[in-house]
Each structure stands twice: as structure tokens, then as C-alpha cells.
Amino acid sequence: MKGLLTIFSLLLLATLFSVDAFAQSRNEAERRLMVEDSYEAPRGQLFDEEAYFRGETYLNQYTNVIVINKAASGPMAQSLRLYTNRQLMLKTKVSTGREDLEYITPIRGVINKIFKGSTESHWRHTTRGFYTIKRVENANYRSGESKFKMPYAMFFNEKRGLAVHQVPPDLSGGEAAGEAMLGKRASSGCVRVHKNHIYTIYSSVLAADKGQVPVLDTRSGRPLVDKYGEVRYERGYKTIVIVEEY
């Protein structure tokens, strides 16, 4: 009996040690990963709709303006608006990042690499700010890391791998499970859109195509200037994405 108690005590101590080590490792990952980038805009409303409608901002030099509110609650929470040439074309519910840490243990990372899913711990975070569309993919696109489908992905922050795309049709529980979460934070950072609305956005981006657009500061939306004080321009997609939180 005494021997059994000793074995039980050792097993209990080993379990407590493992739990403590796991918690410490997770806390360290949180401190390391959950840090906002220097280019990220502060919380609050970033898009001045009235000034845009009056044609008074540099945003008017873009054909399309996509405005996303990543707030967790409120009348405009988890919404996307598409404006084309100063007209509101679409308003719909979306899902942005969960704003938490997805902690991937080494064992789970190996399993995910073989099947599907992220292989490294990451902050499921949607960055605020002003971003031009950088890359557009087709209906068959899959994430390079997780292998999940991202139909009609339109990348606006490639550093973080963030895109506006259709709700993935291969989520656990099926596409309907992802669609049921629209209007709530649910993604790993991308902006998920219902399949009935994504093509409207996608086709608008392709129709606007590329051209000379002002280079805007991602935090403020103000145009950057060169050493002579002139506004800088570059060739890029004539669609800008604004992610705000209010």
C-alpha cells in the first residue's frame, strides 16, 4: 500500500510539473507573439465616410475602398463595406481574427504538417490600418502553411499572411460551420466573407486592376512624401483595405 502511494505521489508530481511547464511555455509564446507591429493603426474609427463621399481624401485616388470593422461588439462590429467610385456597393458580416493565441505543441505541429493546420504557434490577429491589395488568387487557392482553402484570396498584409477571402469550405464541421460564425471573431487573422458576396469584392478588385496609387502611411492613412515634399506614388492594385476597430 505504501509503495502504491509513493508511485501515485510521483505520478502526481510529474503531472503537475508537466502542466506548469506547459503553462510557462504558453505564457512565453504569448509575450513573444502577441505584440502589435509598429505599422499598426490605433483603435478607433479610421475611415471618414463623409470626406470620402465629398472626394476630399487621397482614398479617392483608389477605385475601391474596402472598410472592415474588427470590433467584437457594437452596431458595426465584424462588418465589411465595399465602396467603388464613391458609391457604397456592398455591406456584409465577416469574421476577423479571434485575437488570441493558437498554441501549437511540437507534437501537434508534426501532425498538422502531415495533414492540415498551422505548424507554429501564432497570434490570431487582424492588423488595423491602411493597406493596399498586394496579391490576388483564384477560387482554388490554398494556404501555403496550413493547406486550408482560401478561395478568392486578396492579400492586403503579406507580412502577416492576411487576406480577404471566402469562408473556407473545408473547415471542421463543413462550410456551414464557418458561415454560422460570420458576424463573430473566428479566423486566424484573415477576413472571411460569405460565398454569396466574395465574388462581388473579387471582381471589383480585378476590374479596377492596377495603376499609379499614392503610398499611404499604414497607421494614419496620410500619403508619404519624398525628399522634395512630393507625394510618393507606386504601381499597385487600385483597391485599398482599411481595418478599424471601434
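Helix 5 is followed by Asp209, a residue with a positive phi near 60 degrees; helices, here and below, are DSSP runs of H or I with at least four residues, strands are runs of E with at least two, and both are numbered from the N terminus. The structure is a predicted model, in which local features need pLDDT of at least 70 and side-chain atom pairs count only at pLDDT 80 or more, whereas totals for chains, interfaces and linings use all residues. Residues are numbered from 1 along each chain as its sequence is written, and side-chain values use heavy atoms, with hydrogens and water left out.

Within helix 5 (residues 198-208), the buried residues are Ile198, Ile201, Tyr202, Ser204, Val205 and Ala208. These residues lie on the same side of helix 5, because they cover an arc of only 160 degrees around the axis, the arc being that of the directions from the helix axis to the C-beta atoms. In general, an α-helix has 3.6 residues a turn, so residues three or four places apart point the same way. Burial denotes a relative accessible area under 20%, exposure one over 50%, and partial exposure a value in between, computed with a 1.4 Å probe and protein chains only.

One of the residues of helix 5, Ile198, is also in contact with His165. His165 belongs to strand 9 (residues 162-166) and counts as buried, its relative accessibility being 3%. Apart from neighbours within four places in sequence, the contacts of His165 also include Met150, Pro151, Tyr152 and Ala153, together with Cys190, Val191, Arg192 and Val193; contact means heavy atoms within 4.5 Å.

Tyr152, one of these contacts of His165, is placed in the loop between strand 7 and strand 8. Its phi is positive, near 60 degrees, although Tyr152 is not a glycine. Lys147 is found in the loop between strand 7 (135-136) and strand 8 (154-157) and has a positive phi near 70 degrees. With a relative accessible area of 32%, Lys147 is partly exposed. Most residues other than glycine have a negative phi.

Strand 13 (residues 239-244) is largely enclosed by the rest of the structure, because six of its six residues are buried. Cover extends to both faces: Thr239, Val241 and Val243 are buried on one side, and Ile240, Ile242 and Glu244 on the other. Strand 13 pairs in the parallel sense with strand 1 (residues 64-69) over six bridges, and runs antiparallel to strand 6 (residues 129-132), to which four bridges join it; pairing requires at least two DSSP bridges between two strands. Ile242 of strand 13 is the bridge partner of Val67 and also that of Phe130.

At the surface, Ile107, Val110, Ile111, Ile114 and Phe115 make a nonpolar patch of about 550 Å². Ile107 is located in helix 3 (residues 106-114) and counts as exposed at 63% relative accessibility. Such a patch consists of residues with over 30% relative accessible area and no salt bridge, like charges being joined within 9 Å and nonpolar side chains (Val, Leu, Ile, Met, Phe, Trp, Tyr) within 5 Å. A salt bridge is a side-chain nitrogen of Lys or Arg within 4 Å of a carboxyl oxygen of Asp or Glu.

The chain as a whole contains five helices and 13 strands, and its C-alpha trace spans about 85 × 40 × 35 Å along the principal axes. Of its 246 residues, 46% are buried.

How values were computed: Areas by Shrake-Rupley, 256 points an atom, 1.4 Å probe, with all protein chains shown as cover.
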